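Subject: Structure for you to look at

Hi,

Here is the structure I promised to send over. Have a look at it first, and then read on for what I found.

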Amino acid sequence: MVKHTGDYVIIELKKGEAPQETLLQILRYMSWVKQHLALNVTKKVRGITLTEHADTDLQNYMDEVPNVDIRYYKVSISLMEQALNKPN
(Lines give C-alpha, C1' and ligand atoms only; values in the text may rest on other atoms or scores of the structure.)
Protein backbone atom coordinates (compact mmCIF):
# COMPACT_ATOMS: atom_id res chain seq x y z
CA MET A 1 0.00 0.00 0.00
CA VAL A 2 1.24 3.49 -0.80
CA LYS A 3 1.28 5.34 2.52
CA HIS A 4 0.52 8.88 1.40
CA THR A 5 -2.51 7.96 -0.75
CA GLY A 6 -3.68 4.65 0.67
CA ASP A 7 -3.66 3.18 -2.85
CA TYR A 8 -2.45 -0.37 -3.42
CA VAL A 9 0.54 -1.33 -5.56
CA ILE A 10 1.04 -4.95 -6.60
CA ILE A 11 4.66 -5.75 -7.46
CA GLU A 12 5.39 -8.89 -9.46
CA LEU A 13 9.10 -9.78 -9.46
CA LYS A 14 10.29 -12.01 -12.28
CA LYS A 15 13.70 -13.62 -12.56
CA GLY A 16 15.12 -13.53 -16.06
CA GLU A 17 12.63 -12.94 -18.87
CA ALA A 18 8.98 -12.28 -18.04
CA PRO A 19 6.65 -14.20 -20.38
CA GLN A 20 3.39 -12.77 -21.72
CA GLU A 21 1.44 -14.76 -19.09
CA THR A 22 2.85 -12.34 -16.51
CA LEU A 23 0.18 -9.81 -17.45
CA LEU A 24 -2.66 -12.20 -16.63
CA GLN A 25 -0.98 -13.11 -13.35
CA ILE A 26 -0.67 -9.50 -12.17
CA LEU A 27 -4.24 -8.74 -13.29
CA ARG A 28 -5.46 -11.66 -11.14
CA TYR A 29 -3.62 -10.23 -8.12
CA MET A 30 -5.00 -6.74 -8.80
CA SER A 31 -8.53 -8.11 -9.13
CA TRP A 32 -8.26 -9.95 -5.81
CA VAL A 33 -7.00 -6.80 -4.04
CA LYS A 34 -9.85 -4.74 -5.52
CA GLN A 35 -12.43 -7.29 -4.37
CA HIS A 36 -11.04 -7.94 -0.88
CA LEU A 37 -8.93 -4.99 0.27
CA ALA A 38 -9.69 -1.89 -1.80
CA LEU A 39 -13.37 -1.81 -1.00
CA ASN A 40 -13.38 1.98 -0.90
CA VAL A 41 -13.96 3.21 -4.47
CA THR A 42 -11.46 6.01 -4.01
CA LYS A 43 -8.62 3.50 -3.54
CA LYS A 44 -6.70 2.65 -6.69
CA VAL A 45 -4.86 -0.56 -7.47
CA ARG A 46 -1.73 -0.42 -9.64
CA GLY A 47 0.46 -3.24 -10.88
CA ILE A 48 4.19 -3.17 -11.56
CA THR A 49 6.18 -6.02 -13.07
CA LEU A 50 9.90 -5.98 -12.24
CA THR A 51 11.97 -8.09 -14.59
CA GLU A 52 15.40 -8.35 -16.19
CA HIS A 53 13.89 -8.80 -19.67
CA ALA A 54 10.38 -9.00 -21.09
CA ASP A 55 8.86 -10.98 -23.89
CA THR A 56 8.13 -8.62 -26.82
CA ASP A 57 4.43 -9.50 -26.70
CA LEU A 58 4.30 -8.71 -22.99
CA GLN A 59 5.75 -5.26 -23.60
CA ASN A 60 3.13 -4.57 -26.27
CA TYR A 61 0.24 -5.87 -24.14
CA MET A 62 1.33 -3.86 -21.08
CA ASP A 63 1.14 -0.66 -23.14
CA GLU A 64 -2.59 -1.30 -23.65
CA VAL A 65 -3.53 -1.90 -20.01
CA PRO A 66 -4.12 1.05 -17.67
CA ASN A 67 -2.60 0.98 -14.17
CA VAL A 68 -0.06 -1.70 -15.11
CA ASP A 69 3.59 -0.85 -15.74
CA ILE A 70 6.76 -2.75 -16.46
CA ARG A 71 10.14 -1.83 -14.99
CA TYR A 72 13.52 -3.43 -15.58
CA TYR A 73 16.26 -4.28 -13.12
CA LYS A 74 19.86 -5.37 -13.38
CA VAL A 75 21.67 -7.29 -10.68
CA SER A 76 25.44 -7.39 -10.49
CA ILE A 77 27.61 -9.26 -8.00
CA SER A 78 31.35 -8.86 -7.67
CA LEU A 79 33.46 -11.45 -5.88
CA MET A 80 36.57 -10.27 -4.07
CA GLU A 81 39.51 -12.36 -2.93
CA GLN A 82 39.96 -10.38 0.29
CA ALA A 83 37.43 -8.99 2.74
CA LEU A 84 37.04 -5.24 2.87
CA ASN A 85 38.50 -3.57 5.96
CA LYS A 86 35.78 -2.66 8.43
CA PRO A 87 35.95 0.78 10.11
CA ASN A 88 36.78 0.70 13.81
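So, what is the order of the three strands in the open sheet, and is the pairing parallel or antiparallel? The order is β1-β3-β5, and the pairing is parallel. Before you go further, please keep in mind that this is a predicted model. The two edge strands are β1 (8-13) and β5 (68-72), each of which pairs on one side only. On average, neighbouring strands of the sheet are turned by 25° against each other, ignoring direction.

**The chain as a whole**

The protein chain has five strands and two helices, and from the N terminus the elements come in the order β-β-α-β-β-α-β. Its radius of gyration is 18 Å, whereas the globule rule gives 12 Å for 88 residues, so the chain is more spread out than a compact globule. Along the principal axes, the C-alpha trace spans about 55 × 35 × 15 Å.

As for burial, 27% of the 88 residues count as buried. The exposed surface comes to about 7100 Å², with carbon and sulfur atoms supplying 52% of it. If you take the contacts with a separation of 6 or more, 55% of them are between residues 24 or more positions apart.

**Strand β3 and its partners**

I spent a good part of my time on β3, which covers residues 45-51. Five of its seven residues are buried, so the strand is largely enclosed by the rest of the structure. On one side, six bridges join β3 to β1, and the two run parallel. Leu 13 is the residue that stands opposite Leu 50 in β3. With β5, the pairing of β3 is again in the parallel sense, over five bridges. If you want to check the register there, Gly 47 has Val 68 of β5 as its bridge partner, and Thr 49 has Ile 70.

Helix α2 (residues 56-63) lies across β3 and β5 and runs at about 140° to β5.

**Gly 47**

How buried or exposed is Gly 47? This β3 residue has 0% relative accessibility and so counts as buried. Setting aside neighbours within four places in sequence, Gly 47 is in contact with Ile 10, Ile 26, Met 30, Asn 67, Val 68 and Asp 69. The C-alpha atom of Gly 47 is also separated by 5.7 Å from that of Val 9, although the two residues are 38 residues apart along the chain.

**Thr 51**

Thr 51 is in β3 too, and its relative accessible area is 0%, so Thr 51 is buried. Its side chain reaches the backbone oxygen of His 53 at 2.7 Å. Not counting residues up to four places away in sequence, Thr 51 touches Lys 14, Gly 16, Glu 17 and Ala 18, along with Ile 70, Arg 71, Tyr 72 and Tyr 73.

**Glu 12**

Over in β1 you will find Glu 12. What might catch your eye is that this glutamate counts as buried, because its relative accessibility is 8% and the cut-off for buried is under 20%. The Glu 12 side chain makes a polar contact with the side chain of Lys 14, at 3.2 Å. Beyond its neighbours within four places in sequence, Glu 12 is in contact with Thr 22, Gln 25, Ile 26 and Tyr 29, and also with Ile 48, Thr 49 and Leu 50.

**Asn 67**

One last residue for you to look at is Asn 67, which is found in the loop between α2 and β5. Most residues other than glycine have a negative phi. Asn 67 is not a glycine, yet its phi is positive, at about 65°. Is this residue buried, exposed or partly exposed? With a relative accessibility of 44%, Asn 67 counts as partly exposed, since that class lies between the 20% and 50% cut-offs. Asn 67 also turns up among the contacts of Gly 47.

That is what I have for now. Let me know what you make of it.

Cheers

Key:
Residues numbered from 1 in each chain as written. Predicted model: local features only at pLDDT ≥ 70, side-chain atom pairs only at ≥ 80, totals over all residues. Heavy atoms only, no water. Pairing = 2+ DSSP bridges. Helix = DSSP H or I, 4+ residues; strand = E, 2+ residues; numbered from the N terminus. Axes fitted to C-alpha atoms, helices over the stretch in contact; angles between N-to-C directions. Contact = heavy atoms within 4.5 Å. Buried < 20%, exposed > 50% of the residue type's maximum accessible area, 1.4 Å probe, protein only. Rg over C-alpha atoms; globule rule 2.2 N^0.38 Å. Areas by Shrake-Rupley, 256 points an atom, 1.4 Å probe, with all protein chains shown as cover. Polar contact = N/O pair within 3.5 Å; in protein donor to acceptor, adjacent residues only side chain to side chain.
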